[in-house]
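Biologist: Can you pull up the file? I have a few things to ask about it.

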Amino acid sequence: MTDTNYEQFSVAVVGGGPAGLFAARELAQAGAQVALLNRDIKAGGLAEYGIYPNKLKMKDGLRKQFRQTLDIPNLHYFGNLSIGLDHEISLPELQSLGFDAVVVTVGAQGTKWLGLPGEDLKGVYHAKDLVYHYNNLPPYSERKFDIGKRVILVGVGNVMLDIAHWTIRDLKVNEVIAIARRGPADVKFSKKEMAIVARNLDLTDLEAEFARTDAAMRGVGQDVDAAKAFIFSALNGAQEPVSQTKFSFEFLVSPKRLVGDAQGRVRAVEVEDTTLVARPEGGSRDVGLGTTRELEADTVVFCIGDRVDESLGLPLDKWGDFAKNPTPHFGVDGISYEAFNPELQQAVEGVFLAGWAREASSGLVGAARKDGTNAAKAVLSYLDAAQPKNAEAIAALNSKIAMIDKPIVRVADLKKLEAVEVAHAAELNVPEFKYASNDEMLAAMGLTKVREAS
Ligand SMILES: Cc1cc2nc3c(=O)[nH]c(=O)nc-3n(C[C@H](O)[C@H](O)[C@H](O)COP(=O)(O)OP(=O)(O)OC[C@H]3O[C@@H](n4cnc5c(N)ncnc54)[C@H](O)[C@@H]3O)c2cc1C
Ligand SMILES: NC(=O)c1ccc[n+]([C@@H]2O[C@H](COP(=O)([O-])OP(=O)(O)OC[C@H]3O[C@@H](n4cnc5c(N)ncnc54)[C@H](OP(=O)(O)O)[C@@H]3O)[C@@H](O)[C@H]2O)c1
């Protein structure tokens, strides 16, 4: 219990995804004035623009909670506003407006490439861009992605299954092959997600993969039968297939190079065969065997997770995440939420991290919610020992954004947009309608006119 009057403090939360929304809610409910600054026009982050479009019940449930959060009177939403180096406002500028603390919850917007030759060939994509594209997030929604007929997906997590879902059930390509550097016991997807595309699996092929990888798995003490039971169990209650797409796995291969054709389009992935070795701390890791082969594909999608966006200007740790204070002053449940400068060996004063900005590509919405809430608790502990800087920080922010040459979106605007989109969905008799460009959204809110076609 604390007797701090949080009403005298102002906190900026950067990023309006689940972590930011729940951090902002916790801080606002404690009484602080909270500015929630979001790159996208709409709030929700990957809950709006990552979760598969047809999971409408889940998305609507989350949107309801987000709407309630945005309606808190001392929580001020600023959408269509990017924070960072070379963005509309930098983190130091934000602090200089008088915010007592800043919580960075911008997710993991950086692209994690492997640095392989040929990654720039036509037909080679990163899952994040495709996910944003089919979820209608500008500007990805407006970009053309040329998906061919034989698609290799690198990685075997839930994002791989979302891309498999899209390519198998929506695009109905001929063949999808998921490749993994480790074996069938190390898949990271859930049975529920697998059930969406399990009936497209080539079961003879899958059996053969289990036979091929059996010795490597047993060599590190993995339970082959359990791994097999897990993947095959997704067939129980699996969705009816809607395409002839053949879906298969190629385990124990690590991509080395993308091979192009004469037109500069990918035609194959050169992979190195791998085997498994046990890690001293438990689990397995892959080691290359030196033998290589080509797997044909006209499209390759890396589904290997994302990295944080360095343009925020925060120091990184050796794993490429934003660095956290190893000896936190305000840790919660043993977790450090404090941004840290490893070079100076000191905390970045007043800056906290939460959600995928604290740990890239880690966990579900529920985890981001918990992380945002706990980061807010860390901030409140920090404020217990702080003196308020500027009671007018929100007003200073308003003055600052008045000078920015683009419309900044407020909660009342979002409500207008939602009403227009709902009306459009009803007219078109579809469950959901989302504008695919910022211009259209801004026009629907009355903030600009749709740009004349040139
Ligand atoms: C393809 C995919 C599907 C998923 N499906 C599910 C699912 O079905 N169920 C589930 O529970 N979880 C799912 N997840 C996980 C879930 O989406 C994440 O756990 C969660 O969204 C992370 O929340 P976050 O707030 O940390 O980051 P994000 O959701 O990424 O939010 C980041 C926010 O920060 C904003 N931002 C970025 N840069 C800036 C900047 N410079 N300035 C200001 N604002 C900025 C963005 O606009 C965004 O609003 C999925 C993830 C992916 C990638
Ligand atoms: N429907 C849902 O609930 C849903 C949907 C999408 C995402 N999510 C969540 O979002 C988070 C991120 O998902 P994700 O699928 O992006 O990540 P993930 O679960 O960590 O899976 C990443 C995959 O990429 C592989 N990989 C990583 N680095 C690699 C490299 N250098 N070379 C080769 N392969 C590499 C990993 O293999 P190794 O294991 O060998 O590292 C793993 O198979 C997860 O928490 C996930 O559950 C949930």
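Biologist: Which residue just after helix 5 takes a positive phi?
Modeller: Asn136, with a phi of about 65 degrees. Keep in mind that this is a predicted model.

Biologist: And helix 5, how many of its residues are buried?
Modeller: Six of the eight in residues 127–134, so helix 5 is largely enclosed by the rest of the structure. The buried ones are Ala127, Lys128, Leu130, Val131, Tyr132 and His133.

Biologist: What do those buried residues pack against?
Modeller: Two helices and two strands: helix 2 (46–49), helix 6 (158–170), strand 5 (124–126) and strand 12 (299–302).

Biologist: Other topic. At what angle do helix 8 and helix 9 pack?
Modeller: About 135 degrees, and their axes are 10 Å apart. Angles over 145 count as roughly antiparallel and 65 to 115 as roughly perpendicular, so helix 8 and helix 9 are oblique to each other.

Biologist: Which residues make that contact?
Modeller: Helix 8 supplies Phe210, Asp214, Met217 and Arg218, while helix 9 supplies Val224, Ala227 and Lys228. By type, four are nonpolar, three are charged and none is polar.

Biologist: Now the sheet with strand 10. What is the strand order?
Modeller: The order is 9-10-11, in an open sheet with antiparallel pairing. Strand 9 (253–260) and strand 11 (284–296) are at the edges with a single partner strand each, so one side of each has no neighbour in the sheet. From one strand to the next, the twist averages 20 degrees.

Biologist: How many bridges join strand 9 and strand 10?
Modeller: Seven, in the antiparallel sense. Leu258 stands opposite Val269 of strand 10.

Methods:
Residues numbered from 1 in each chain as written. Chains lettered and ligands numbered in written order. Predicted model: local features only at pLDDT ≥ 70, side-chain atom pairs only at ≥ 80, totals over all residues. Axes fitted to C-alpha atoms, helices over the stretch in contact; angles between N-to-C directions. Helix = DSSP H or I, 4+ residues; strand = E, 2+ residues; numbered from the N terminus. Parallel < 35°, antiparallel > 145°, perpendicular 65-115°, else oblique. Contact = placed C-beta atoms within 7 Å. Nonpolar A, V, L, I, M, F, W, Y, C, P; charged D, E, K, R; others polar. Buried ≥ 20, exposed ≤ 12 C-beta atoms within 10 Å, placed from the backbone. Pairing = 2+ DSSP bridges.
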